[in-house]
Amino acid sequence: MIDRRRVLQALAGLFFAGLGTTGYAAAWEPEQLRVTRYGLTPRGWPSGRRLRLAVISDLHIGGLHVPLARVADIVTRTNALKPDLTLLLGDFVASRARRASDPPMQAWAAELARLQAKDGVYAVLGNHDWWHDAPTQTARSGPTQVGAALEANGIAVLQNRALKLDTAAGPLWLAGLGDQIAFLPRVQGLPHGVDDLTGTLAQIGNDGAPVIMMAHEPDAFTRMPDRVALTLSGHTHGGQVRLFGWAPVVPSRYGQRYAYGHIRESDGRDLIVSGGIGTSILPVRLGMPPEIVLVELG
């Protein structure tokens, strides 16, 4: 005969375990901050040349867990890593319509302007930087308010642009791809994104210097040629909820393939997808704490 008392105890245990997990995912893990490190030598990387990249993605400032004070802390933690380059991969604003209580763009852009890197600080924009900018959605073109705030504070935004840099590892091409899903809703006959990979690559010289590509959404990786030594992306948040290396929801056409981490394709091309800082849609993280990424090349 089933012991009713034991059944009720088991049900109560499951209920409170669920509450505990929910509380952890909503209140504890999103407040954490780790440094995730990758060391690799991409194909075509110059022998003996070393470069440190700090990567920050998907801040979603103004969201539940990213007030202005947290941006300041992230900047301090990033500077302590002493990177050669600091790269910002987009989605600076919360994943919802802007509210009066959100930190002013100039305020958080001024905090990000405190980032220090020997060879510079560069950014690309993400889909939410476009989606929550009403004038750009109406016109289906930029410039964006987020981009203007960053540029006004000395952070170059690379939208379908490539620059040749003289870095600690020697000459390097740094490229930034325009956002691939900048406009909503999708309208037949009108552009859905502002990405121009062909035009971006055309700016890169045939000088043998390695190329690093910043692309907010990782889906562009399938189109990256061998000329690109490393692609850096965000957008997926690692699924935001990640259990035993698997995420139930990944905002990518390729699902788990480009969900998170270092991906090396069979042809030797390298992609690193950051899990990001903030949250989108639901203010929870589970098994995927916020992270600053440090990539050590060579």
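This report covers two sheets, two helix contacts and one aromatic pair in a predicted model.

## The sheet from β1 to β5

Six strands build an open sheet. Their order is β1-β12-β2-β3-β4-β5, and the pairing is mixed. The edges are held by β1 (34–40) and β5 (156–157). Each has a single partner strand, so one side of each lacks a neighbour in the sheet.

At the β1 edge, the partner is strand β12, residues 291–297. The two strands run in the parallel sense and share seven bridges. One of the bridge pairs joins V35 to I292 in β12.

## The sheet from β6 to β10

A further open sheet has six strands and mixed pairing. The order is β6-β7-β8-β9-β11-β10. Here β6 (161–167) and β10 (261–264) are the edge strands. Each pairs with a single strand, so one side of each is left without a neighbour in the sheet. On average, neighbouring strands in this sheet are turned by 20° against each other, direction ignored.

## The β6–β7 hairpin

Strands β6 and β7 form a hairpin, with two residues between them. Strand β7 covers residues 170–176. The pairing with β6 is antiparallel and extends over seven bridges.

Two residue pairs mark the register. T167 stands opposite G170 in β7. L165 has L172 in β7 as its bridge partner.

## Helix α3 against α6

Two packed helices are described by the angle between their axes and the distance between the axes. For helix α3 (residues 105–112) and helix α6 (residues 145–152), the axes come within 9 Å. They cross at roughly 45°. That angle falls outside the ranges for parallel, antiparallel and perpendicular, so α3 and α6 count as oblique to each other. The crossing of α3 past α6 is right-handed.

From α3, the contact draws on M105, Q106, W108, A109 and L112. From α6 come Q145, V146, A149, L150 and A152. By class, the residues of this contact are eight nonpolar and two polar, with no charged ones.

## Helix α2 against α3

Helix α3 also meets helix α2, which spans residues 68–79. The axes of α2 and α3 come within 9 Å and cross at roughly 15°. The two helices are therefore roughly parallel to each other, as the angle is under 35 degrees. This crossing, too, is right-handed.

On the α2 side, the contact residues are L68, V71, A72 and V75. On the α3 side they are A107, W108, E111 and L112. Seven residues of this contact are nonpolar and one is charged; no polar residue takes part. W108 and L112 of α3 are listed in the contacts with both α6 and α2.

## An aromatic pair at W108

A search of the whole structure finds four aromatic pairs. One of them joins F92 and W108. The ring centres lie 5.7 Å apart, and the planes differ by 5°. The pair is stacked.

This pair links distant parts of the chain. F92 lies in the loop between β3 (85–88) and α3, while W108 sits in helix α3. The two residues are 16 residues apart. W108 thus has three roles here: W108 is part of the contact with α6, part of the contact with α2 and the stacking partner of F92.

Key. Residues numbered from 1 in each chain as written. Predicted model: local features only at pLDDT ≥ 70, side-chain atom pairs only at ≥ 80, totals over all residues. Heavy atoms only, no water. Pairing = 2+ DSSP bridges. Helix = DSSP H or I, 4+ residues; strand = E, 2+ residues; numbered from the N terminus. Axes fitted to C-alpha atoms, helices over the stretch in contact; angles between N-to-C directions. Parallel < 35°, antiparallel > 145°, perpendicular 65-115°, else oblique. Left-handed = near helix turned anticlockwise from the far one by under 90°. Contact = heavy atoms within 4.5 Å. Nonpolar A, V, L, I, M, F, W, Y, C, P; charged D, E, K, R; others polar. Phe/Tyr/Trp six-rings, centres within 6.5 Å; stacked < 30°, edge-to-face > 60°.
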